[in-house]
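Dear colleague,

Please find the structure below, handed over for your reference. The findings follow directly after it.

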Amino acid sequence: MLECMFTWIPIHEETAQKLRAFHNRQDELIALLRQMRALGMKTTSIEDEGADGKRFELREIDPFTFLGNFNRGVTDANRTEMWEFIKKRWSLSASVPQDYDGLPILNNQSAWLMPYAHRREAGHVQRLWDVFEMVMQTSPGDGEVSPEMLDSCLKLRKVGKATLTMGFFWCRPTVWPALDRKNIAFAKTKGVITEAVDGASYLNWVAELREKAGADLIEFSRDAHLWAKAEESPLAHPFDYLFADRQQADIVLEHLRDYLTSLDDGDGTDGERLIISSKAYQATKSPMVPLTAFRIMYGRWVVMDYGANKTDKIVRVVLKESSIFASQASHRWSNFQIPIQGQVFAVFTFPLDEYLDSSAIQKEHLEASLLVRDHFRSMKRSPYAEDHRKELWQLIMEPAARTEILARGLQMPPEDKRRPVWLVAPGENAKLLSEWREQKHITIGWGKTGDLDPMRQIEQVRQSLAAAYPDAGQVIVGSMLHEFAHEMQEGDEIYLKGGLSRILGRGVVRGGYEFVEQSDSDHFHRRSVEWLDDREMQVPTGVQLPQITLSHLEEKTELLAAIRSFYDQPTDSASVVREEPNPNSRNYWWFNFNPEVWDIENRIDIEKMSIDEAEIYTAVNQNGRKRQKPQWFAAARPGDLAIAYVTSPKRYAVAVCRVTRGMAETDSMGIGFAIIEKLRRPVLLDEMKAHPVLQASEPLSFSQASILRLTQAEFNAVMDLSEAETEPSLPEKPVYDLAAALKDLFIPEERVASICATLRRKKNVVLQGAPGTGKTFVARRLAYLLMGVKDENRAPMVQFHQSMSYEDFVQGWRPDGSGGFKLCNGPFYHFCRQAMTRPDEPHVFIIDEINRGNLSKILGELMMLIEPDKRSPAYALPLTYSSSQEDRFYVPENVHLIGTMNTADRSLSMVDYALRRRFAFTEMEPGFSHPAFRAVLEVNSVSNSVCDRIIEGMTAVNNLIASDSANLGPGYRIGHSFFVPSMSVSDSESWLADILTHEILPLLQEYWVDVPKQLHTARQALGL
């Protein structure tokens, strides 16, 4: 059995011994993780976070977190790739694992044994290194182990008894058993009764385990692994997604049983309000979004939600916003912001293991749930009562029924079913909006129909409508009135619409239908509404809202996903206490400047500060209409400060303005201002959206107005961002000139200069050529040469492939992790925005294998924007997913594109002719004849005779390929990269024979599979 299981043990033990030397060299461990990430491996995160929410690279790491990188919920292939890397880098003698059976793993969402820096107490990492050294030197029963040291670690945040002892087991699996649920359960079958709750009882548990189960912990671990598998009963859909195995199913279901028992006090009054439902999500969503979930609601609030996919198990629980655990959650739902007893509640997401291991989180969750229960006790029934699943209740509350239900499975609903979602217009031109918000209701016209409550049938409503309003559309209007009176229910979601393109706010229906006669209008039909959010948003480009007053918003549509994504962000009132402008102190503002009207970036107005000629930001637009938010024009006072923001297509903050005159001093024309300071660097809109202080600011919540309000904290946050270095820890980039390029490249000087000149002129160049001509290597060096520095951040690289889309490269809607969607920008979008902020510095975007992608599909409207004569704001266009016609984008003049293309791959289609017009193409030649090629071989200890054979043989073969115009041609010649050593060569003859036999010959055999004579000639030229 052991021959094919537990092959991971030797390399774990050897790696743990190697780790002991890195106690004071933790930066080297972090550097290793960084290198692995750069190579595309799925490592644990190396980004830390400060109290201000800013991210920075880790500066310390404990040994268990480092080992946990190899023991997380990733595929075996990914783990093997990482072990192959560390084996080579550290010259380990142990073999790379062939299996990972019985190896306990961390949850991906909680893979560190330390919290972020701002929650990490002093000495946290040091304590873990100390206990690691103890584990490496001692055994649990030898008397040298300190229970106090174990307890000191168990008191640390993010360190639980299961995760800590998993680390012990990874280091010394023959000595220290893991205290995970599988081992605990199996140990009980051996008669082990000790409950391990702290350091001392863990040592007692180990001692009893050795006494009753035997001293061979490897055998115990193996048997526990096999026992757990044997104990597993079949799990049918959706339980096979929800639970890793039967053991985990029982653990979760027992917890849910305890929780529901506590929530239902057994007096029979909670049955119609305590709801458990099932949810099914689209399988095409992000892996971080549950494919299936169980949701528990009390009244109209979600109090708990358990979800899973194949690798991650998560739980969402209702907590007070003030809970100390709120900041530790991996995600926050902002759906529930109605205070209860003065407290604001929300739903927070935790990895399942972290939640189950923390009795403190469970206690706060239950306390919050009981407050929710008490709040909704007066309800007769939950508006979600029809979603209640009796079989789920039975599965949780009746353990004897579990085996049969788990094996039978559960028919999941075909879609994520919610209450109806309504879209309603607050009168013509939104004239009723203020009244609706103040009175907390919505109304609908055609009141002369009379009270609709007795008219249960839609035909009754239509007949009454026809009598009172003969010209009204009986079918459409009658349907609206019937829906308003009889189909709309308490708890339904409401969105207000303004015209055909704006959403004006969100609410929820809180009362039944009422008929209230008025004297000033015929809006007699009324419903009470609780308004949750008064922010406004522009609907996605190309989407038009319905013209009718009341309509349904359909589920599973891009429009509703976009709306929910916008309103699910924290609201202004929930996260920022926003004071009214104070006339006796300085206030702070945000001025939007259209770059086509204002040249804000190239001016400083200090000389105008004390004179009347300072420029005026008028309070009316060019059509004579008042600008939005007129109250802010009236509130601005001389001395106030403002952030100057350049709107689309640039979208960044560039300067600080001072208000020089208010409305009173300009005869109500507007606000006088002067630009007093340029920001150290422009601050991109995306940077501000990511800042926790700015996320709920008025400018980011309501961007349509000309002048918007900032708090002092928000103003300071923008200033801080402008002062922050984008790469504070990196040294100054080394200069890269023509001399440096010529040392790296096997290309004549005049050829290098010519390509660079073409790149400056045309902006876009494709390097094409046969395999091995170093196209990717050359592309990077040409980028450095154009920029004058060796800076990879200004020369990123992507590789096109057949599955790449516009959404991957430019912009598209993506799942947001909570059942909705958010608009995400792709790498090229971010790159162009960054380049706009540094217009004097060339930026180069490298596209490897450019002809492998569907270029029209990937580039979209960028096919025009990348043309060299279209590189300016004047050609800016709305992108496919732009929120409005004003939300535009362009490719700046300082952006250059370098593509690479393999001309010898017959599987690839010809390049789009439209793209050929936009790019200059240059052929990469094999560099065998270049003196630098021989120099590189000699530096790597290749003998002179072997150098001669390579150069002469490959030159002859390439001449043969080039002359074969019937089958091949110059584009199929073989490049020099096959023969550039990655390290010093110890045996030149063996090294050459290996390359010729395993790399060059198979390629030639493919070239001349039907022409054996040519192949024979080529082999002779190479001495094969």
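With a relative accessibility of 1%, His-843 counts as buried (under 20% relative accessible area, where over 50% is exposed and in between is partly exposed, using a 1.4 Å probe and protein chains only). Please note that this is a predicted model, in which local features need pLDDT of at least 70 and side-chain atom pairs count only at pLDDT 80 or more, while totals for chains, interfaces and linings use all residues. Residues are numbered from 1 along each chain as its sequence is written, and side-chain values use heavy atoms, with hydrogens and water left out.

His-843 belongs to strand 27 (residues 843-848); strands (E, at least two residues) and helices (H or I, at least four) are DSSP runs numbered from the N terminus. The His-843 side chain reaches the backbone oxygen of Glu-841 at 2.8 Å. Leaving aside neighbours within four places in sequence, His-843 is in contact with Arg-794, Phe-831, Ala-835, Arg-838, Asn-894, Val-895 and His-896, contact being heavy atoms within 4.5 Å.

Turning to the interior, the largest nonpolar core has 71 residues. Such a core is a set of buried Ala, Val, Leu, Ile, Met, Phe, Trp, Tyr and Cys residues joined through side-chain atoms within 4.5 Å. The members that touch the most others are Phe-64, Phe-66, Trp-90, Leu-164, Phe-168, Tyr-202 and Trp-205. Helix 5 (residues 124-137) gives the largest share of this core, eight residues. A second, separate core of 61 residues includes Ala-655, Phe-673, Tyr-806 and Ile-858. Not counting residues up to four places away in sequence, Phe-64 touches Leu-113, Leu-128, Val-131, Phe-132, Leu-164, Gly-167, Phe-168, Trp-170 and Cys-171.

The whole structure holds six cavities of 30 Å³ or more. A cavity is a set of points on a 1 Å grid over the protein atoms alone where a 1.4 Å probe fits but cannot get out, and lining residues have an atom within 4 Å of a point. Grid points are joined across faces, edges and corners, and a volume is the space filled by probe spheres set on the points. The largest cavity has a volume of about 60 Å³. Its lining consists of Leu-150, Leu-154, Lys-161, Leu-164, Thr-165, Phe-168, Leu-179, Asp-198 and Tyr-202. Helix 6 (147-154) and helix 7 (161-171) each supply at least two lining residues, and helix 7 provides the largest share, four residues.

Finally, Cys-153 is buried at 0% relative accessibility, and Cys-947 is likewise buried, with a relative accessible area of 0%.

Yours sincerely

Conventions:
A polar contact is a pair of N or O atoms within 3.5 Å; within protein, one must be able to donate a hydrogen and the other to accept it, and residues adjacent in sequence count only if both atoms are side-chain atoms. On a 1 Å grid over the protein atoms alone, a cavity is a set of points where a 1.4 Å probe fits but cannot get out, and a pocket is an open set with protein on both sides within 12 Å along at least five of seven lines; lining residues have an atom within 4 Å of a point.
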